[in-house]
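Please open the structure in a viewer and keep the selection panel at hand. The tour proceeds by selections, each followed by an account of what is found there.

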Amino acid sequence: MTRYEKGLQQLQNIDGKCGEEVITKLSNISPDLGKYIIEFAFGDIYTRKGLSLIEREMITLSSLLTLGGCESQLQVHIQSAIHVGISQQKIIEIFLQCIPYTGFPRVLNAIFTAQQIFADL
């Protein structure tokens, strides 16, 4: 199995339809970026042993929140987190855990992003 095939399979396991939509949107403007995401992030990193998909998504949520300004990617990964079995309540707890380290504004942005995703479910 190639890196691309492994990555595409893992993307579908984690993100379901949402991840495919991101890659499809990139196909018109930057197909190489979509390929890099599939091969590197999902083919190389997400398939490593040592962490479960749930743990990986928890880390991803925390990282995106901490970076700030990543609400679009946070939307995708909130949906991914739910897709791999993280409850809405646990997602909120992950965000609350970040308050002492990143501050209220970034946590508020993440909470409001989650609120939009939860309302759509």
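Select Ala110, which is placed in helix 8; helices here are DSSP runs of H or I with at least four residues, strands are runs of E with at least two, and both are numbered from the N terminus. Ala110 counts as buried at 1% relative accessibility, where buried means under 20% relative accessible area, exposed means over 50%, and partly exposed lies in between (1.4 Å probe, protein chains only). Display the surroundings of Ala110: apart from residues up to four places away in sequence, Ala110 touches Leu65, Leu74, Ile78 and Phe95, a contact being heavy atoms within 4.5 Å. For a long-range reference, add Ser27, which is 83 residues from Ala110 in sequence and 27 Å from Ala110 in space, C-alpha to C-alpha.

The model is predicted, so local features need pLDDT of at least 70 and side-chain atom pairs count only at pLDDT 80 or more, while totals for chains, interfaces and linings use all residues. Residues are numbered from 1 along each chain as its sequence is written, and side-chain values use heavy atoms, with hydrogens and water left out.

**Along helix 8**

Move next to Thr113, also found in helix 8 (residues 104-120). Thr113 counts as buried, at 5% relative accessibility. Where does the side chain of Thr113 reach a backbone oxygen? The oxygen belongs to Asn109, at 2.8 Å. Setting aside neighbours within four places in sequence, Thr113 is in contact with Glu71, Leu74, Gln75 and Ile78. Leu74 and Ile78 are also among the residues touched by Ala110. A C-alpha distance drawn from Thr113 to Ser72 reads 8.7 Å, for a pair 41 residues apart in sequence.

**Into helix 4**

Select Leu61, which has its place in helix 4. Leu61 is buried, with a relative accessible area of 0%. Beyond residues up to four places away in sequence, Leu61 touches Leu74, His77, Ile78, Ala81, Ile91, Ile94 and Phe95. Leu74, Ile78 and Phe95 also appear around Ala110. The C-alpha atoms of Leu61 and Val22 are 17 Å apart, with their positions 39 residues apart in sequence.

Now step to Thr60, in helix 4 (residues 53-67). Thr60 is buried, with a relative accessible area of 18%. Show the backbone of Arg56: its oxygen lies 2.8 Å from a polar atom of the side chain of Thr60. Which residues is Thr60 in contact with, leaving aside its neighbours within four places in sequence? They are Tyr46 and His77.

**The loop before helix 4**

Follow that contact to Tyr46, in the loop between helix 3 (31-45) and helix 4. Is Tyr46 buried or exposed? Tyr46 is buried, with a relative accessible area of 9%. The side chains of Tyr46 and Thr60 make a polar contact at 3.0 Å; a polar contact is a pair of N or O atoms within 3.5 Å, in which, within protein, one must be able to donate a hydrogen and the other to accept it, and residues adjacent in sequence count only if both atoms are side-chain atoms. Outside the four-place sequence neighbourhood, Tyr46 is in contact with Gln10, Ile14, Ala41, Leu53, Arg56, Glu57, Thr60 and His77. Glu57, eleven residues from Tyr46 along the chain, has its C-alpha atom 9.6 Å from that of Tyr46.

**Back into helix 3**

Select Glu39, found in helix 3. Glu39 is buried, with a relative accessible area of 15%. With neighbours within four places in sequence excluded, Glu39 is in contact with Arg3, Tyr4 and Asp44.

**The whole chain**

Finally, clear the selection and view the chain in full. The chain has eight helices and zero strands. Along the principal axes, its C-alpha atoms fill a box of roughly 40 × 35 × 25 Å. The radius of gyration is 14 Å, which agrees with the value near 14 Å for a compact globule of 121 residues; this radius is taken over C-alpha atoms, and the globule rule is 2.2 Å times the number of residues to the power 0.38. Of the 121 residues, 34% count as buried. Among contacts with a separation of 6 or more, 64% join residues 24 or more positions apart.
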